[in-house]
Amino acid sequence: MKAVVFDKTLKVCDTAKPERKKDEALIRVSLAGLCNTDLEITKGYVPGFKGILGHEFIGVVVEADDTADTGKRVTGEINLACGKCGFCIKGLERHCPDRTVLGIHGKDGAFAEFTTLPVKNIIEIPDEIPDTHAIFIEPLAAALEILEQITIPKLRDKSILLIGDGKLALLIAHVLQSTGCNLIVVGKHKNKLALLEENRIQTALLDNFKKSKFDIVVEASGNPSGLELGIECTKPRGTLVLKSTYASAFNFNPFHIVVNEITVAGSRCGRFSEAIKFLQAHKLPLEKYISAVFDLKDAVSAFKLAAQPETLKVLLKIP
Ligand SMILES: [Zn+2]
Ligand SMILES: [Zn+2]
């Protein structure tokens, strides 16, 4: 089968079709999404990464222990957990210390004609959610994770600053707006901020942004300077949520975090079931967030486009 492989360099090549183990589903991938994590891996975010990239996908189950699963249009939770440890028992498989992660850590990914996942990880996509929306389930789940970490009822009377206007940040903006909070999004790209303005989300270009203090700041810019701004703009005893992952370390001064007693929350993956419910309950303009769709064989060009600052979601269509 054809797959997008990263092994120091990125290439599309022929590789063996994955073998389905017991309790797993073999999935024929139809559409996959590039995310910043994929770009970061190609820059060295996961040291020693070697294998098939990709963790945002939709596809059809072609083989499983239970024939009732075959033919289902699915996506899948990307963390493959042990199921036995303290985290797994609490339903926090995303924090299982023995986990592998699809296309990120120890498990070949979904930028390929076929992929496998444990049946317990796969989630059927309701018919009313089109492919162009379903492909956002994984990043939307990551955006919704914030609401699991910060008490939602309290969000309604809070002022929130979201730093960043990239793919994930736009989804976070919709998630935060849905709580009715007082939200402003600051970013560097006029075209991306305009998409939020169309949905009555208040925005500011970074150059025109007058710094002030917010109850909650969400940093999703992917840029160290975003973290600096976030620390500066969080009220004393406020909360700073970090959604960015960075390819390399950088210097920062925790002075204001200490003096202002800021609570810092790291935030990563979320529950897919919540993302599906959110897509059913809200009309999001997700088609506008897709910049281009490439054929799997042209994945190298897709990565190049995805790395451009103006680009939003880039998808890979798998024939
Ligand atoms: Zn992702
Ligand atoms: Zn576990």
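Q: What makes β7-β8-β9 an open sheet with mixed pairing, and how many strands does it hold?
A: In this predicted model, the sheet has three strands in the order β7-β8-β9. Its edge strands are β7 (79–80) and β9 (106–107), each pairing on one side only.

Q: How do you know that β7 and β8 pair, and in which sense, parallel or antiparallel?
A: Pairing takes at least two bridges between the strands. β7 and strand β8 (residues 100–102) have two bridges, in the antiparallel sense, so they count as a pair. Leu-80 sits opposite Thr-100 in β8.

Q: What makes Phe-111 a standout in the largest nonpolar core?
A: That core has 86 residues, and Phe-111 is listed with Leu-140, Leu-162, Ile-172 and Val-218 as having the most contacts inside it. A contact needs C-beta atoms within 7 Å. Leaving aside residues up to four places away in sequence, Phe-111 touches, among others, Val-4, Ile-52, Leu-296 and Leu-316.

Q: Which helix gives the most to the largest core, and which domains does this core draw on?
A: Helix α6 (residues 167–177) gives the most, with eight residues. At least three residues come from each of domain 1 (2–136 + 284–317) and domain 2 (143–266).

Q: How do you know that domain 1 and domain 2 touch?
A: Their centres, taken over C-alpha atoms, are 27 Å apart, but contact is judged residue by residue, with C-beta atoms within 7 Å. On that basis 16 residues of domain 1 are in contact with 14 residues of domain 2. Helix α1 (residues 36–42) gives the most to the domain 1 side, with three residues. By class, that side has eight nonpolar, three polar and five charged residues.

Notes: Residues are numbered from 1 along each chain as its sequence is written. Chains are lettered from A and ligands numbered from 1 in the order in which they are written. This is a predicted model: local features need pLDDT of at least 70, side-chain atom pairs count only at pLDDT 80 or more; totals for chains, interfaces and linings use all residues. A nonpolar core is a set of buried Ala, Val, Leu, Ile, Met, Phe, Trp, Tyr and Cys residues joined through C-beta atoms within 7 Å. A residue is buried if 20 or more other C-beta atoms lie within 10 Å of its own, exposed if 12 or fewer, and partly exposed in between; C-beta atoms are placed from the backbone. Helices (H or I, at least four residues) and strands (E, at least two) are DSSP runs, numbered from the N terminus. Domain bounds come from an automatic or database domain assignment. Two residues are in contact if their C-beta atoms, placed from the backbone, lie within 7 Å. Ala, Val, Leu, Ile, Met, Phe, Trp, Tyr, Cys and Pro count as nonpolar, Asp, Glu, Lys and Arg as charged, and the others, Gly among them, as polar.
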